[in-house]
Amino acid sequence: MLYRELGSTGEKVSILGFGTMRLPTVEGVKNQIDKEKANEMLEYGIKNGINYIDTAYPYHGTNFNGEGESERFLGEFLSNGYRDDVFLSTKMPSWTINSKEDMENIFNRQLELLQTDYLDAYMIHSVKQDVWDKLPDLGLFQFLDDLKSSGNVKYVGFSFHDSLDLFLEVIDGYEWDISLTQMNYLDTDYQSGITGLQYSDILGLGNVVMEPLRGGKLSQDIPPDILKTWDKSKIKRSPVEWAFKYLYNMKEVDVVLSGMNTLEQVKENIAIANNSYPNTLNIEEKELIREVAAIYKNKKGNDCNGCGYCMPCPYNVNISDCFKEYNVSLIFDEVESAKHHYKLILDKEKRASNCTDCKKCIRLCTQQINIPDELKKVVKLFGE
Ligand code: SF4
Ligand code: SF4
């Protein structure tokens with residue numbers, strides 16, 4: 001197993017982290033964790049070097065606003081003598097918080113579920129503009145300071161799925177220890193992207209990344225043209241191994257979270273992490289990854305690079321974010337999840353359907369995109 005120091009914390013963590021949002025479930029019962037299988041996976045993982053475990057309040061719940069089963073299951077598992085062997089991280093469900101009392105109540109409940117009196121890391125889950133506008137005024141920073149000084153929490157951080165601009169604002173807004181962002185070889189310019197990761201690294205934060213396989217899209221149902229490209233490499237690797245190798249090769253990345261679902265996946269991912277030392281890719285291999293990324297990206301609908309020169313739109317359309325989600329859906333042929341994300345990150349007044357076809361933005365586009373025409377395609381794909 002390859003280990004890295006988690007930013008400036010001095011903690012030595014396994015580069016492969018165990019995400020517990022996709023544990024195996026009992027057949028036919030969506031949110032009931034199959035404890036026998038999940039125990040076996042975690043036991044194997046820990047005995048073979050994984051020491052970073054990630055969970056969150058709503059994981060394995062019936063909806064994202066309530067308590068899930070993941071923390072309760074982990075608490076039971078860790079109480080069998082594993083607690084001190086792992087770096088345990090969980091998250092505050094930021095979108096459900098309306099007062100400092102909510103923060104305290106949920107945190108105490110989380111400790112109870114996890115059967116522990118301290119957390120190695122407490123993360124603010126999914127920080128977005130609305131959360132960032134609200135939580136500091138409710139006393140978030142004092143709450144986090146108190147958790148650290150009381151010894152209930154060693155390190156604090158946040159997970160993130162929004163724009164780079166907001167990421168920079170958030171990261172500069174408090175003395176965080178850890179950031180958790182999305183990264184894989186296709187998402188270098190998506191959300192906080194590589195720029196965010198590098199900035200976080202410069203500040204000395206621990207960098208944990210998620211979605212190494214982009215929800216399985218980089219490992220399953222791989223298009224023939226991509227497989228053919230991977231096959232050009234002298235050293236043969238599976239698409240999964242390429243995806244992990246890419247991240248392990250980045251010096252800024254301390255932990256790669258993988259939401260493993262079977263024992264076979266745990267074994268495969270550990271074998272890759274074991275074989276990744278020394279973890280350098282040569283120039284040809286890096287070039288090959290770039291080539292594969294370019295093939296994926298060529299499947300997109302337009303060339304928007306997110307520069308933002310076309311904005312502000314007089315009718316409030318967030319043109320670059322509309323195109324970002326539109327292109328992602330075409331690259332991965334996954335309309336439903338992109339549509340969900342589109343509606344999640346864009347308030348109604350910022351969506352493509354507000355475009356009046358005034359054409360004021362067209363001359364401003366650095367990529368000569370006919371913006372209103374492309375926005376019509378976004379509406380066609382995602383609806384009003
Ligand atoms: S054409 Fe649409 S997106 Fe462009 S400025 Fe006008 S309303 Fe905004
Ligand atoms: S100017 Fe063009 S490339 Fe830049 S964000 Fe707007 S649409 Fe995208």
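Q: Which domains does the assignment give for the protein chain?
A: In this predicted model, the domain assignment splits the protein chain into domain 1, residues 3-289, and domain 2, residues 319-382.

Q: And how far apart are the C-alpha centres of domain 1 and domain 2?
A: Those centres are 29 Å apart. The contact uses eight residues from domain 1 and ten residues from domain 2.

Q: Okay, holes next. How many cavities of 30 Å³ or more are there?
A: The count is two.

Q: What's the volume of the second largest cavity?
A: About 50 Å³.

Q: Where does that second largest cavity lie relative to the domains, and why?
A: The second largest cavity lies between domain 1 (3-289) and domain 2 (319-382), because both of them give residues to its lining.

Q: Which residues line the second largest cavity?
A: The lining is made up of His-161, Asp-162, Ser-163, Tyr-190, Gln-191, Asp-321, Lys-324, Glu-325, His-341 and Ile-345. By class, that lining has four charged, four polar and two nonpolar residues.

Q: Which element gives the most to the lining of the second largest cavity?
A: That would be α12, with three residues. Both α12 and α13 (335-345) supply at least two residues each to this lining.

Q: I'd like to look at His-341 from that list. Is His-341 buried or exposed?
A: His-341 has a relative accessible area of 16%, which is under the 20% cut-off, so it counts as buried. His-341 sits in helix α13.

Q: What does His-341 touch, leaving out residues up to four places away in sequence?
A: His-341 touches His-161, Tyr-190, Gln-191 and Glu-325. Those four residues also appear in the lining of the second largest cavity, as does His-341.

Q: Back to the largest cavity. How much space lies in it?
A: The largest cavity holds about 90 Å³ of space. Its lining has 16 residues, and the closest to the cavity centre are Cys-304, Asn-305, Cys-307, Cys-310 and Cys-365.

Q: What classes of residue make up the lining of the largest cavity?
A: There are ten nonpolar and six polar residues, with no charged residues in the lining of the largest cavity.

Q: Which helix gives the largest share of the lining of the largest cavity?
A: Helix α12, residues 319-332, gives the largest share, three residues.

Q: Now for the open sites. What's the volume of the second largest pocket?
A: The second largest pocket has a volume of about 210 Å³. Two elements, α7 (193-202) and α11 (283-297), give two or more residues to its lining.

Q: Which element gives the largest share there, and which residues line the second largest pocket?
A: The largest share, three residues, is from α11. The lining of the second largest pocket consists of Ile-194, Gln-198, Tyr-246, Asn-249, Met-250, Lys-251, Glu-252, Leu-281, Lys-286, Ile-289 and Arg-290. Sorted by class, this lining has five nonpolar, four charged and two polar residues.

Q: Switching to the ligand: which residues surround ligand 1?
A: Around ligand 1 are Cys-313, Pro-314, Tyr-315, Ile-319, Cys-355, Thr-356, Cys-358, Lys-359, Cys-361, Pro-372 and Leu-375. By class, the shell around ligand 1 has nine nonpolar, one polar and one charged residues.

Q: Lys-359 is in that shell. Where does Lys-359 lie?
A: Lys-359 lies in the loop between α13 and α14. The phi of Lys-359 is near 70 degrees, a positive value in a residue other than glycine.

Q: How accessible is Lys-359?
A: Lys-359 has a relative accessible area of 46%, so it counts as partly exposed, the class between 20% and 50%.

Q: What about phi of Asp-357?
A: Phi of Asp-357 is near 65 degrees, again a positive value in a residue other than glycine. Most residues other than glycine have a negative phi. Asp-357 lies in the loop between α13 and α14 (371-382), and at 28% relative accessibility it is partly exposed.

Q: Last one: is the peptide bond from Met-311 to Pro-312 cis or trans?
A: The peptide bond from Met-311 to Pro-312 is cis, with omega near 10 degrees. Most peptide bonds are trans. Pro-312 lies in the loop between α11 and α12.

Definitions and conventions:
Residues are numbered from 1 along each chain as its sequence is written. Chains are lettered from A and ligands numbered from 1 in the order in which they are written. This is a predicted model: local features need pLDDT of at least 70, side-chain atom pairs count only at pLDDT 80 or more; totals for chains, interfaces and linings use all residues. Side-chain values use heavy atoms; hydrogens and water are left out. On a 1 Å grid over the protein atoms alone, a cavity is a set of points where a 1.4 Å probe fits but cannot get out, and a pocket is an open set with protein on both sides within 12 Å along at least five of seven lines; lining residues have an atom within 4 Å of a point. Grid points are joined across faces, edges and corners, and a volume is the space filled by probe spheres set on the points. Helices (H or I, at least four residues) and strands (E, at least two) are DSSP runs, numbered from the N terminus. Ala, Val, Leu, Ile, Met, Phe, Trp, Tyr, Cys and Pro count as nonpolar, Asp, Glu, Lys and Arg as charged, and the others, Gly among them, as polar. Domain bounds come from an automatic or database domain assignment. A residue is near a molecule or strand if one of its heavy atoms lies within 4 Å of it. Buried means under 20% relative accessible area, exposed over 50%, partly exposed in between (1.4 Å probe, protein chains only). Contact means heavy atoms within 4.5 Å.
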